[in-house]
Protein chains: 2
Amino acid sequence: MITHPAFSVEPWAITEEGVHLEVLAQSESVFALSNGHIGLRGNLDEGEPSGLPGTYLNAFYETRPLPYAEAGYGYPEDGQTVVNVTNGKLIRLLVDDEPLDIRYGEVLHHTRTLDLRTGLLTRQVCWRSPSGREVEVRSIRLVSFVQRSVAAIRYEVRGHDGAPLRVVAQSALTANEPGPPRSADPRAAEVLAAPLMAEEQELHHARAVLVHRTRQSGLRMAAGMDHLIDGPDRTVTVSDIAPDLARVLVSCELPPDGSLTLTKYLAYGWSSRRSLPSVRDQVDAALASANRAGWDQLVSRQHEYLDDFWERADVEIDGDGELQQAVRFGLFHTLQAGARAEQRAIPAKGLTGPGYDGHVFWDTESFVLPVLTYTAPHAAADALRWRHSTLRLACERGKQLGLEGSAFPWRTIRGQECSAYWPAGTAAFHINADIADAVLRYLRATGDEEFGRGAGLELLVETARLWRSLGHHDAAGVFHIDGVTGPDEYSALVDDNVYTNLMAERNLRNAAELASRHAAEAAALGVDDEEIAAWRDAAAAMHVPYDERLGVHPQDADFLNHAVPDFSTFEYPLLLHMPYFQLYQQQVVKQPDLVMALMSRGDRFTADQKARDFAYYEAITVRDSSLSACVQAVVAAEVGHLELAYDYFGEAALMDLADLEHNTRDGLHMASLAGAWIAAVVGFGGARDSRRGMMFRPRLPAALARLCFRFMWRGRRLRVEVRHPQVTYELLEGEPVDIFHGDERVRLAEGAPQTRHWTPPVPGPEPVQPPGRAPARRRQR
Amino acid sequence: MITHPAFSVEPWAITEEGVHLEVLAQSESVFALSNGHIGLRGNLDEGEPSGLPGTYLNAFYETRPLPYAEAGYGYPEDGQTVVNVTNGKLIRLLVDDEPLDIRYGEVLHHTRTLDLRTGLLTRQVCWRSPSGREVEVRSIRLVSFVQRSVAAIRYEVRGHDGAPLRVVAQSALTANEPGPPRSADPRAAEVLAAPLMAEEQELHHARAVLVHRTRQSGLRMAAGMDHLIDGPDRTVTVSDIAPDLARVLVSCELPPDGSLTLTKYLAYGWSSRRSLPSVRDQVDAALASANRAGWDQLVSRQHEYLDDFWERADVEIDGDGELQQAVRFGLFHTLQAGARAEQRAIPAKGLTGPGYDGHVFWDTESFVLPVLTYTAPHAAADALRWRHSTLRLACERGKQLGLEGSAFPWRTIRGQECSAYWPAGTAAFHINADIADAVLRYLRATGDEEFGRGAGLELLVETARLWRSLGHHDAAGVFHIDGVTGPDEYSALVDDNVYTNLMAERNLRNAAELASRHAAEAAALGVDDEEIAAWRDAAAAMHVPYDERLGVHPQDADFLNHAVPDFSTFEYPLLLHMPYFQLYQQQVVKQPDLVMALMSRGDRFTADQKARDFAYYEAITVRDSSLSACVQAVVAAEVGHLELAYDYFGEAALMDLADLEHNTRDGLHMASLAGAWIAAVVGFGGARDSRRGMMFRPRLPAALARLCFRFMWRGRRLRVEVRHPQVTYELLEGEPVDIFHGDERVRLAEGAPQTRHWTPPVPGPEPVQPPGRAPARRRQR
């Protein structure tokens, strides 16, 4: 397994010792700080060297043309790409006139630590300049969960060689930073090379604000910085400003035991509609508010916020320190991606990098929201309200595609379809059911009636309308959905994709139920009894193909008729070595699709079917997608292959810490990080929500002595502790509630934990994967 | 029906009376002259006004980048686009210092005539200038079938108002003519705006040569002109030259009964490899040769060439003058496209316009070659030799796609795949079987053993290898070909497309047979008995799905499970109003696919199956393609719907004369023009080739009193004359031969025509088309 040469294994932090320029871009993603609103990549304070400089504002994007050599009806004309905005992280240091740069001179000590409990990124550097002067720098960075427009940096410099030292700290805001080209299309690269047009600059002593606007998308942003400076006597501060650069220069002579401390407050504001003064003043106000709170309070509130989160969300693992660390790392970043997104999207990379153009996919609803729903339900609600805010666009897109209801985009920032690959952009309709499913999950987990009557109902209604108009009854009255692309991206445009059909079935059925429950609100959306009946009928008649001969479910109607390829000749990832037509005509699976159905619609499969289906698909799933391992972990655990599940858990959890797909440089894989929680809680915890309530069928691989997780359920805080061979359920806070241990109803009340035995499931023969595609083994066996 | 306001109905010519600027571009295509090597659009002599200026050299193209917003493995990076080369047609006229321009002054008379027997395009203009002077111009243009590098123009000017008249004729060669933008992609438009870089200019009195080279593709071309001038006394000729312009100016004062006559010889040469002097000298030599022959001989040889063609190829129709004209017009242009292409491609638009970027598609082998094979067999052989010359590229493409054998391009000029739409460019494999089929047809029709041992064998072998590696056997031993795109472009990526499977079956079977017959030559291609056996096995096991419930063949394995749409809501052409996924998931057919199989593989269907299949597909075929009507005509005739066949015959034949698809401006639809012959000969003549020989089952609609066609068969010239209710077969020239009248063997010898009765087939109920998509009726019924 590829591992970062220096992340040490510890339960509550990620620490890098030394300088590792070869993985600099990866570490910038790993050390990214975000609150879902603002994101700062873990770039070095002094800006250089850098892998990918990055500062992101949620939903702040530039529009670029999507080129087509052969265009077609319904192809989107414009793409949206996240913009690297004005960088406020920058603090350069001159040491006796020599710039601190870890590529030159000598690095005596270099540590970076991301603390998962305090939310602080700390860096300590001892550096000897080429001319022999030694300096010690300690910087601490935070992006506030509490004040969502604010980030802050504390930057301390000390001499290290016992002699007075002249230093100049240059703290900057800089726009249109150069970086590697963002697109192979020269027109798009040009648009993205310097995306910000300067509109206004404001400078008052150590406070500066730069206002910019994007050329094409016309979005306006302001970035501000203010400084508190604590230095020796005769410390001099000067500042200057230009359209793309504001600088505060602090120069002093440090006595041997003296230090210079800069506290830098950063604030960002942006809008598609508000005026320049309004956006600028918002940033000034945020700076004032940060100043008033002060560094210490920002730090302590950050800690409190995270304490509260871990009380609801922590997952403890005994027996595998690496996974303990990784699962908390994943939870931390999942929180960072969604905590304060507040009606903006949660992109596939969060705000940690420019990967996938900063787009949001179904990853949000199907991988990230399952975690947030049970650990930060307000963030799950916000993400769904964001989807709801794009419903009008989705219905317009549906209309363009000749369909009723909503056709949510396969990939987008603002809500418009941005996929230039039409088998995804006009056929991966399952995203609509995934959104509906996230609504249902949220409603079950929270009982949020207001959401259920409002945005939730509307989302279910419009997605149900989509399915009703997309599918059709055959002569025998069976309902089919033809020509769609399911989760597996090595298939496309198939008929009766089992995952899509089963998710659509649930969507239709629950839309009917919710609309009946909130009849007045549904009527206001134009829903009448006939329409509800049509949804119920389509759901009841939904086709779920099954192959009697092989005794397994086909991924879609024709899947099992295709050739099983000779995997021994394959090079991975296949999509870089094989044309689509060839991928599509073979029984080769990029990421779980039917197995995703086994997880998401487990109620529709018998245990025996699950075991056979899993074994069949395991042999043809090549896992060229980071959306794979956690799903395979869950189903492997359910059918009793606990060691295999453990391996997949490891893969999901270590996706970014070990850079398994070699692209962590472009940002973290939020779905896989969230997937680590899914593997632990849904996989080994056996947690399932259902109409009756939360149900658990825990099971642990031998290597793990203990798994303990917390979660929120209808306002209660609960804790489940799994050991060999028993499980203890505890209500930590809230009114008594029933949960299910397997089929047994268990009543939980505060202070009265309930312990039950669990029996490991009896597995079938060990499944095989395509040659070379088995997950890395966590234990010899 | 939309008809040109002025093409009169006559048997051997197309005549336009008057000026019709609104259809100028269409008429430029209709009046295009070509010999398959050089093509001149029917632009007015004076260059302006013009619809689309166009001069084309076969296979002279520019390369341009193909942009992708989301690229994929195997997508071609470069496209090829036919270039509008140096224009030599241009002869401007100044009448008392006023330029002749039919938009100004007054047009007293304007006629253009394309004579199908002489091959000359004649124009007569009488024009009164804004200042009141009258002039008469008569121009005659030809592109020589005999001297393939040569075109010629005779241009005569006379005064018309009885007074002396000062005139200046400016004859030019002009490169990089401005025209409408050629691409929506700004980069491609830029490449194509001025594609020619000047390399050399040569001027000797009235002879000039311009040498140019394309920027990206690096092709070199030379265009030359020379003049014979016959004018009154004191006629003065001067000439000048510049990188993109050579001019010969002839000025004189015409006496009242005098005239000025310019004879302009044009020559073109081009090459991807030859040196500048070589290409330039080739053009000088061609000019010298044209000069030596002189105008009269060029004209008389052109007539002889065409007389010879019509002796072999003419189709006579009694009872419908419009179709008589149209079918000859189609034959003439089919000949023009292929006559002297000589190892260059026959593009879908011939050399009549820039439509489809000048690309060649399966149109050549499946629509154009069936005509040329029986009317100009040398041209058919040349076209197949061109395909053979690209075999190496096709095998490289196959390798790139992970396949054995050849993967011929869906669209190309030079042989490289240029389709940017991968469901066509990497999945429309049927083109390989179409090429193989054209080889077989040619071999049967000519008995050309040398071709069969050489290029023909190699084409069959490599295409058979493709099918063997593309398809697979299932557990029951049945051979399937999955994930391909058949002829119907409203379906894609389907399993077991019946047309593809049956054509592949024939390809495999005949490759095996030919390789066995020419064992030594096959062995040299690496073919051994095992490989031949594998082809035979795959052919024997080829799956042909059939739906017992409906009693029809599905277009592909799943086609009949798809929804039948509500056609009443559709807008046409559908591809401009509906996304692909939606087209693909419905039972809607753009162009015959299963019905194409009924025509091409009629041996595999019973009469009853044909009738039922045709009726079923007729109801869902929207005919958004010009490749439709002739196929529907053939099968409609076969199953006895003679009036419907007659309507489709009309649509195929009038595609361009009536501009039925509103895009004749971009060039003629060669497949549809050839399709008129197919409708007549294969449809009403009932002509089929088979292992036994040529077979005929003639049938005529009531409106047509007589259909008489000629064709070549194994070196013989034959004639079939169909009347009600008998048919006469006659051997015009050659050794005695057997043909089949239905199942009856008929021996034909010169001077001994054989007459037989035919019985009209008994049709089933009248088929219905989707609402509004029935063909225009040629007769009330």
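This is a short dialogue about a predicted model with chains A and B.

Visitor: What makes the relation between chain A and chain B a two-fold axis?

Guide: Take the superposition. A rotation of 180° brings chain A onto chain B, with 0.0 Å of shift along the axis and an RMSD of 0.0 Å. That is the relation of a two-fold axis.

Visitor: How do you know that the copies meet through the same surface?

Guide: Compare the interface residues. Of those in chain A, 100% are also interface residues in chain B, so the same surface is used by the copies.

Visitor: How many cavities does a search of the whole structure find?

Guide: The search finds 13 cavities of 30 Å³ or more. The largest has a volume of about 280 Å³. The second largest has about 170 Å³.

Visitor: Which residues lie nearest the centre of the largest cavity?

Guide: They come from chains A and B: A:Leu493, A:Val494, B:Ala492, B:Leu493 and B:Val494. The whole lining has 22 residues. By class, 9 are nonpolar, 7 polar and 6 charged.

Visitor: And what lines the second largest cavity?

Guide: Its lining has 18 residues. Closest to the centre are A:Tyr68, A:Tyr75, A:Ala420, B:Tyr75 and B:Ala420. Two elements give two or more residues each: α8 (422-425) of chain A and α8 (422-425) of chain B.

Visitor: How does the lining of the second largest cavity divide by class?

Guide: It has 16 nonpolar residues, 2 charged and no polar ones. Tyr counts as nonpolar here, so A:Tyr68, A:Tyr75 and B:Tyr75 in that lining fall in the nonpolar class.

Visitor: Why is strand β26 of chain A called largely enclosed?

Guide: A residue is buried when its relative accessible area is under 20%. In β26(A), residues 716-723, 7 of the 8 residues are buried, so the rest of the structure largely encloses the strand.

Visitor: How do you know that β26(A) pairs with β25(A)?

Guide: Pairing needs at least two bridges. Strand β25 (residues 706-713) of chain A has 8 bridges to β26(A), so the two count as paired. They run antiparallel. As one example, A:Leu707 has A:Val722 in β26(A) as its bridge partner. The two strands form a hairpin with 2 residues between them, and A:Arg714 in the turn has a positive phi of about 50°.

Visitor: What joins β26(A) to β27(A)?

Guide: There are 6 bridges, and the strands run antiparallel. Strand β27 spans residues 726-733 of chain A. The bridge partner of A:Val720 is A:Tyr729 in β27(A). Here too there is a hairpin, with 2 residues between β26(A) and β27(A).

Visitor: What makes β8 and β17 of chain B edge strands?

Guide: The open sheet has 5 strands in the order β8-β7-β13-β18-β17 (chain B), paired antiparallel. β8 (98-99) and β17 (236-242) each have a single partner strand, so one side of each lacks a neighbour in the sheet. For β8(B), 2 bridges link it to strand β7 (residues 91-95) of chain B. B:Leu94 stands opposite B:Pro99 there.

Visitor: Why is B:Val595 called buried?

Guide: The cut-off is under 20% relative accessible area. B:Val595 has 5%, so it counts as buried. This residue is in helix α16 (residues 594-600) of chain B.

Visitor: Which residues does B:Val595 touch?

Guide: Leaving out residues up to four places away in sequence, B:Val595 touches B:Phe614, B:Tyr617, B:Val631 and B:Val635. As for B:Ala636, it is 41 residues from B:Val595 in sequence and 9.7 Å away in space, C-alpha to C-alpha.

Key. Residues are numbered from 1 along each chain as its sequence is written. Chains are lettered from A and ligands numbered from 1 in the order in which they are written. This is a predicted model: local features need pLDDT of at least 70, side-chain atom pairs count only at pLDDT 80 or more; totals for chains, interfaces and linings use all residues. Side-chain values use heavy atoms; hydrogens and water are left out. On a 1 Å grid over the protein atoms alone, a cavity is a set of points where a 1.4 Å probe fits but cannot get out, and a pocket is an open set with protein on both sides within 12 Å along at least five of seven lines; lining residues have an atom within 4 Å of a point. Grid points are joined across faces, edges and corners, and a volume is the space filled by probe spheres set on the points. Helices (H or I, at least four residues) and strands (E, at least two) are DSSP runs, numbered from the N terminus. Copies are superposed by least squares on the C-alpha atoms of residues with pLDDT of at least 70 in both. Contact means heavy atoms within 4.5 Å. Buried means under 20% relative accessible area, exposed over 50%, partly exposed in between (1.4 Å probe, protein chains only).
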